[in-house]
Amino acid sequence: MFPITIVSSNYEEIVIENRQALQELIQDCVGENEEDDDIECIDFQYPIAFSVYDTAFQVIDVKTIENDRALHYFLERVRNSEFLASINFPVTMLLADGSEIIVTNNEELQTTIREAKGACDEDDDNDYHDNDFTKERLDGLLMTCPWIVHEFERNEDNLIEHYNEYAIQFKAENIVKMRARGGDMLTGTWTTRVTDNGALINLKFDNLADFTLEWFVYDLGPGRIKLYQAGGNRIILKKNCDVVIDVTKERIENYLQECFWRVSRLNINGSDNENEYIGTPLKFFPNNVVKLRVNGELVEGTYEIGIRNAGFILQVNLEGRPNLNLEWLITFLESGLIKLENANNKMVLRRHCPDADDDLKFIDNVLINGEWEVAAYHNDGVNNPEKFYMYTLDFMETGRVKVTDPNNGTFSGSWLAYRNEGLHLGLFFGSNAPFNDLNHRWRIKEIAQNRIELKDYSSTGEIERILVLEKKI
């Protein structure tokens with residue numbers, strides 16, 4: 001058994017060589033029925049980002065934080081005066097019951113944390129038999145919302161590729177419904193009990209043997225439940241109150257027709273093609289009409305919701321868009337997100353409702369009022385705006401951006417301001433040089449009536465490019 005490594009509350013790793021050393025460490029811990037310092041009733045929804053400043057209070061970097069450990073180390077460096085930093089709002093906070101609160105400034109953040117402290121039972125009595133955790137509390141938690149499968153192992157075999165995003169809904173009278181990724185519904189039963197050894201959930205399905213087991217609840221977190229059973233069996237469930245369990249053709253059509261939809265991911269035979277749809281959202285209408293907004297013009301086609309043995313499908317027909325003109329199986333559905341796939345292809349659609357978002361309305365209003373020019377273009381640390389010199393950009397309400405070159409020639413592109421874990425501006429100019437270098441979904445870092453600063457981040461959160469647009473006088 002020994003040696004073992006223990007991670008302390010400040011994320012220091014301690015190697016324990018024997019049982020005596022373990023007992024000595026336990027004695028140094030907070031005693032029975034004493035509160036600890038951490039606040040467990042609220043947590044950040046990661047990732048979150050911090051702007052890092054120099055001594056002149058100029059932003060020199062943006063750091064993306066992915067977990068509690070990284071946040072602890074980052075804040076330690078701030079406390080040690082290695083640099084100055086401020087959190088980038090808005091930030092989503094997760095409460096113990098799985099609900100979310102979006103905060104937009106430091107005052108709201110402090111108030112939200114203060115009000116959440118003590119709002120739930122943090123189980124600081126260190127009673128690991130959880131005598132204070134009742135069957136009624138567990139049942140109530142399970143039935144609050146559907147739960148999504150995020151990790152799954154059975155008999156030490158990792159089966160998440162098969163069960164990823166399966167949705168489970170615990171209902172009254174011990175009925176549990178499971179929706180497979182293709183939309184198939186499976187019905188079973190569930191019961192719970194709380195023993196001296198912990199809480200257990202018993203799942204039974206006639207046609208789903210992998211889930212049919214009595215599972216120990218070994219961890220409860222904000223919006224998350226971890227289950228295990230001896231022999232290499234483990235499930236992680238995450239709460240999702242927006243996911244649709246009882247999918248119907250009418251419900252799919254209603255979702256599609258509510259707003260625009262962005263193609264946020266399009267992978268065809270292993271190749272990413274979503275860049276072709278930057279700034280070009282889809283709009284689904286009644287009577288099976290679909291329109292794609294390209295350079296401000298609506299290209300019309302048709303769509304159909306069908307039913308196959310595997311589940312519900314979306315068939316799109318748009319001229320000149322072969323990558324969309326496929327029969328797509330709907331594998332995941334919630335009010336703002338639709339995931340689809342077929343054979344070796346995958347597509348993700350995200351809902352875009354600008355009229356319901358005051359920030360997006362402000363951005364749109366700023367952009368369409370006046371003409372703009374490229375004031376700065378930093379690539380790999382080098383500012384080179386000269387190639388855009390004397391070009392003019394005119395953002396139009398239709399989603400078209402007209403570019404006028406120094407010789408008064410023009411060409412068109414597409415633009416779209418949208419929200420996705422922050423505010424973004426999608427720009428797409430096709431192959432028109434030099435603006436084809438700006439084809440990207442840029443993150444909006446600063447915006448004012450006469451200036452907008454956009455940044456491009458790498459997968460590790462490092463700034464790769466900065467684009468600054470300023471309104472022409």
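Cys-353 is partly exposed in this predicted model, because its relative accessibility of 22% is not under the 20% that counts as buried. Its partner is Cys-259. The two form a disulfide, with sulfur atoms 1.9 Å apart. The torsion about their S-S bond is about 105°, so the disulfide is right-handed. Cys-259 sits in the loop between H6 and strand E18 (260-268). Cys-353 sits in the loop between strand E26 (345-352) and helix H7 (358-368). The pair therefore ties together parts that are 94 residues apart in sequence. Cys-259 has a relative accessibility of 14%, so this half of the bridge counts as buried.

A search of the whole structure finds two disulfides. Cys-145 and Cys-241 form a disulfide too, and here the sulfur atoms lie 1.8 Å apart. The torsion about this S-S bond is about 90°, so this bridge is right-handed. Cys-145 is in the loop between helix H4 (135-142) and strand E9 (147-154). Cys-241 is in the loop between strand E17 (233-239) and helix H6 (249-258). The bond thus links distant parts of the chain, 96 residues apart. Cys-145 has a relative accessible area of 12%, which means that the residue is buried. Cys-241 has 46%, so this cysteine is partly exposed.

H6 gives a way to follow both bridges. The loop that holds Cys-241 runs from E17 to H6, and the loop that holds Cys-259 runs from H6 to E18.

H7, which borders the loop of Cys-353, also leads to the second largest pocket. This pocket has a volume of about 380 Å³. Its lining comprises 18 residues. Phe-260, Arg-293, Pro-354, Asp-355 and Asp-364 lie nearest the centre of the pocket. Which elements supply at least two residues each to the lining? They are H7 and strand E31 (410-419). H7 gives the largest share, four residues. By type, the lining of this pocket divides into nine nonpolar, three polar and six charged residues.

Now turn to the backbone. Most residues other than glycine have a negative phi, and most peptide bonds are trans. Four sites merit a look against that background.

Two of them are cis peptide bonds before proline. The bond from Tyr-46 to Pro-47 is cis, with omega near 5°. Pro-47 lies in the loop between strand E3 (42-44) and strand E4 (48-53). Phe-89 and Pro-90 are also joined by a cis peptide bond, with omega about 5°. Pro-90 falls in the loop between strand E6 (84-87) and strand E7 (91-95).

E6 is also the place to pick up the next site. Ser-81 is in the loop between helix H2 (68-79) and E6. This serine has a positive phi of about 65°, although it is not a glycine. Is Ser-81 buried or exposed? Its relative accessibility is 62%, so Ser-81 counts as exposed.

Asn-174 is another non-glycine residue with a positive phi, here about 60°. Asn-174 lies in the loop between strand E11 (167-170) and strand E12 (175-179). With a relative accessible area of 36%, Asn-174 is partly exposed.

Conventions: Residues are numbered from 1 along each chain as its sequence is written. This is a predicted model: local features need pLDDT of at least 70, side-chain atom pairs count only at pLDDT 80 or more; totals for chains, interfaces and linings use all residues. Side-chain values use heavy atoms; hydrogens and water are left out. A disulfide is a pair of cysteine sulfur atoms within 2.5 Å. Buried means under 20% relative accessible area, exposed over 50%, partly exposed in between (1.4 Å probe, protein chains only). On a 1 Å grid over the protein atoms alone, a cavity is a set of points where a 1.4 Å probe fits but cannot get out, and a pocket is an open set with protein on both sides within 12 Å along at least five of seven lines; lining residues have an atom within 4 Å of a point. Grid points are joined across faces, edges and corners, and a volume is the space filled by probe spheres set on the points. Ala, Val, Leu, Ile, Met, Phe, Trp, Tyr, Cys and Pro count as nonpolar, Asp, Glu, Lys and Arg as charged, and the others, Gly among them, as polar.
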